[in-house]
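Here are a few exercises to work through with the model open beside you. Try each task before you read its solution.

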Amino acid sequence: MLIVTHVSDSSLAGTKQTFDSRRVRVGRKPECEVRFDSQRDISVSGDHAEVRVESGRILVRDLGSTNGTFLGEQRLQGETVVGPDDVVRLGANGPRLRFALGALTAETFVETPGVGRASGDEQRGAALHGGAGGKQGVGMETLHRVVGSERAKARRSLGIAGGSVLVVALALAGWQYLRQADTERTVRKTQDEVEQSRLAAEEARELAARTRTELDRTLADVRTRHAEELAALKGELSAGERKVSSLIVEIEGSSRALAEMQAKSEVETAAERELRRELEAKVQTLGEDLAQQESALREQAGKAAPDWAGLVSRYQQSLFLCLAQTAPDANGSFSQSIGTAWVCRADGVLATNAHVAEFMKDRASWSLIACVQNDTGRLFEVREILLHPGYTGRPDSPDVALMRLDTQGVELVPLALADSAELRALRIGTQLGTLGYPGELTLQYVSQQALTGELTTAQATFKDGWIGRILDFQGARAGFEQSHSIQHSASLSGGTSGSPMFTADGKVVALNNAGRDLMVKVQARSGTGDQVERMPNPAEIGYAVRVDLLAELLRDSGW
């Protein structure tokens with residue numbers, strides 16, 4: 001029996017699997033015996049490795065995976081023997097596993113022989129000659145000897161039978177003791193796990209309460225500041241209106257004075273004509289200045305509230321659903337992975353996360369790989385994919401990538417990227433918007449029957465939130481050059497990976513790449529063991545990679 005222990009760094013961490021077969025496959029494909037999650041365990045290939053048992057040994061072989069299979073720090077080349085204490089990694093930073101052989105319990109059966117018969121010599125009695133009558137019979141001495149022999153054999157047989165019963169009784173008692181001890185350990189372990197889950201839930205509730213309080217305080221400050229700025233603008237506008245009224249009075253007074261001067265003199269002198277021209281020119285200049293000031297004040301007042309609806313309308317057809325799907329099996333079932341991409345250059349270059357581009361690049365695991373244009377539902381083929389060279393397979397690294405489409409002659413509208421000065425201006429409390437495809441709505445985006453035409457149901461979802469923190473990839477405060485991770489409150493889920501985060505003026509400042517969900521261990525009703533389920537985090541915490549890493553990839557790639 002082969003035992004697979006999932007040590008860490010995977011969706012199956014903390015669980016065990018047992019197999020009676022001597023050969024199992026490891027990967028993300030549905031037909032693999034050890035199957036990993038196709039969206040969360042992104043370092044694992046569709047067919048990653050094979051494990052087999054031969055002559056009491058465990059042998060592991062890599063099946064040509066993208067990220068390789070490692071024993072310690074050594075990448076496997078060919079079939080390798082592993083022991084029960086060896087840790088095997090799927091990818092340099094991927095899931096960690098151990099393999100061991102389970103022992104079978106042997107039962108011992110003891111046969112109890114039956115009571116033996118007396119030998120022929122013992123059965124035969126001796127002929128004794130009696131008195132005068134010549135009477136023959138068995139002597140008493142011979143009779144006692146035969147009876148004693150039979151009693152000794154019976155005692156030996158009973159001793160053997162009693163010993164057999166004692167062995168069986170001791171074996172049953174030992175089995176019962178071991179079973180009770182195992183049950184007690186299982187109960188204690190379950191109690192510890194329940195207590196840990198309860199403590200984690202309490203910490204999550206406390207974190208959610210603190211985060212909500214901070215967000216409420218930030219929102220109140222923003223509203224107060226906007227109200228003060230709007231009041232100041234209205235005050236400036238009122239002052240401008242008063243100045244216009246004062247100038248009108250001045251102009252009317254000047255006009256009356258000029259009329260009086262003309263009435264007093266029938267002939268205007270050259271000086272009077274010059275004075276009138278200067279006065280008219282001054283009035284015209286003042287009127288133009290006031291009109292410009294009024295227009296600027298009204299424009300600033302109109303910018304107090306972001307026009308999210310206008311931005312969404314402008315970017316509708318610049319968003320793409322990244323779709324990878326297997327062929328249906330005999331029951332019509334199939335697997336899917338989705339993500340979000342967007343146009344960053346008009347010649348068909350899309351931007352997304354590196355972990356989204358990885359499953360779009362794995363053509364061996366999927367029967368369909370395509371990008372679906374938002375709003376129109378048109379399907380486009382991916383021609384080329386490029387990952388950031390600094391990406392390590394983890395979200396705390398440059399998780400950005402480029403994909404080149406076959407545009408089929410369709411004109412695409414790119415989103416504008418924020419420059420260095422605009423990124424330096426980002427502050428905690430800055431409001432951002434995003435468009436993406438939440439994984440909970442996958443069945444509404446696409447169905448198996450619709451894959452022959454346009455998928456008009458693939459409609460992106462808009463959300464907004466505020467910047468909560470600006471950190472480096474280790475979660476610490478740092479200078480601008482290292483602070484590439486932006487924490488925000490636009491709650492995300494699987495499928496929104498790669499979606500753009502943009503400011504109120506439409507400039508993209510980051511790409512969503514991770515959320516903070518709760519992983520809860522629950523006991524399956526079927527009795528097959530514990531399962532780990534993903535639950536939304538009430539704190540609504542999301543993370544995004546700053547867009548200057550994407551600009552760096554565009555500049556250095558030569559695309």
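**Exercise 1. Which residues of helix α8 are buried, and how are they placed around the helix axis?**

Step 1. Start with the residue list: in α8, residues 548-557, the buried positions are Leu 549, Leu 550, Leu 553 and Leu 554.

Step 2. Now look down the axis of α8: these buried residues fall within an arc of 145°, so they line one face of the helix. The arc is taken from the directions that run from the helix axis to the C-beta atoms.

Step 3. Flip to the other side of α8, where Arg 555 and Asp 556 are exposed. The cut-offs here are under 20% relative accessible area for buried, over 50% for exposed and partly exposed in between (1.4 Å probe, protein chains only).

Step 4. Check what comes after the helix: α8 is followed by Gly 558, which has a positive phi, near 85°.

A word on the ground rules. This is a predicted model, in which local features need pLDDT of at least 70 and side-chain atom pairs count only at pLDDT 80 or more, while totals for chains, interfaces and linings use all residues. Residues are numbered from 1 along each chain as its sequence is written, and side-chain values use heavy atoms, with hydrogens and water left out. Helices (H or I, at least four residues) and strands (E, at least two) are DSSP runs, numbered from the N terminus.

**Exercise 2. In what order do the 6 strands of the open sheet run?**

Step 1. Trace the strands across: the order is β2-β1-β11-β10-β7-β8, with antiparallel pairing. Two strands count as paired if DSSP finds at least two bridges between them.

Step 2. Find the edges: β2 (16-19) and β8 (74-75) each have a single partner strand, so one side of each is left without a neighbour in the sheet.

Step 3. Go through some of the pairs:

- β1 and β2 are antiparallel over 4 bridges, and Thr 5 has Lys 16 in β2 as its bridge partner.
- β1 (residues 2-8) pairs with β11 (residues 96-101) over 6 bridges, again antiparallel; His 6 is bridged to Leu 97 in β11.
- β7 (residues 69-71) and β10 (residues 88-90) share 3 bridges in the antiparallel sense, and Phe 70 sits opposite Arg 89 in β10.

**Exercise 3. Which residues of β24 are buried, and which strands pair with β24?**

Step 1. Take the two faces in turn: Ser 485 and Gln 487 are on one side, Ile 486 and His 488 on the other, and all are buried, so to speak of β24 is to speak of a strand covered on both faces.

Step 2. Pick up one partner: β23 and β24 pair in the antiparallel sense over 4 bridges, with Leu 471 bridged to Ser 485 in β24.

Step 3. Then take another: 4 bridges join β24 to β29 (residues 542-546), also antiparallel. There, Ile 486 has Ala 544 in β29 as its bridge partner.

**Exercise 4. How many salt bridges are there, and which parts does the pair of Asp 47 and Lys 29 tie together?**

Step 1. Apply the rule, which asks for a side-chain nitrogen of Lys or Arg within 4 Å of a carboxyl oxygen of Asp or Glu. The count comes to 18 salt bridges.

Step 2. Look at Asp 47 and Lys 29, whose side chains meet at 3.1 Å, N to O. Asp 47 lies in the loop between β4 (34-35) and β5 (49-54) and Lys 29 in the loop between β3 (23-27) and β4, so the pair ties together parts 18 residues apart in sequence. Asp 47 is partly exposed at 25% relative accessible area, whereas Lys 29 is buried at 16%.

Step 3. Move on to Arg 424 and Glu 481, with closest N and O atoms 3.3 Å apart. Arg 424 belongs to helix α6 (residues 420-424) and Glu 481 to the loop between β23 (461-471) and β24 (485-488), so this pair links parts 57 residues apart in sequence. Arg 424 is partly exposed, at 44% relative accessibility.

Step 4. Finish with Arg 546 and Asp 548, which form a salt bridge at 2.9 Å between the closest N and O atoms. Arg 546 is buried at 3%, while Asp 548 is partly exposed at 22%.
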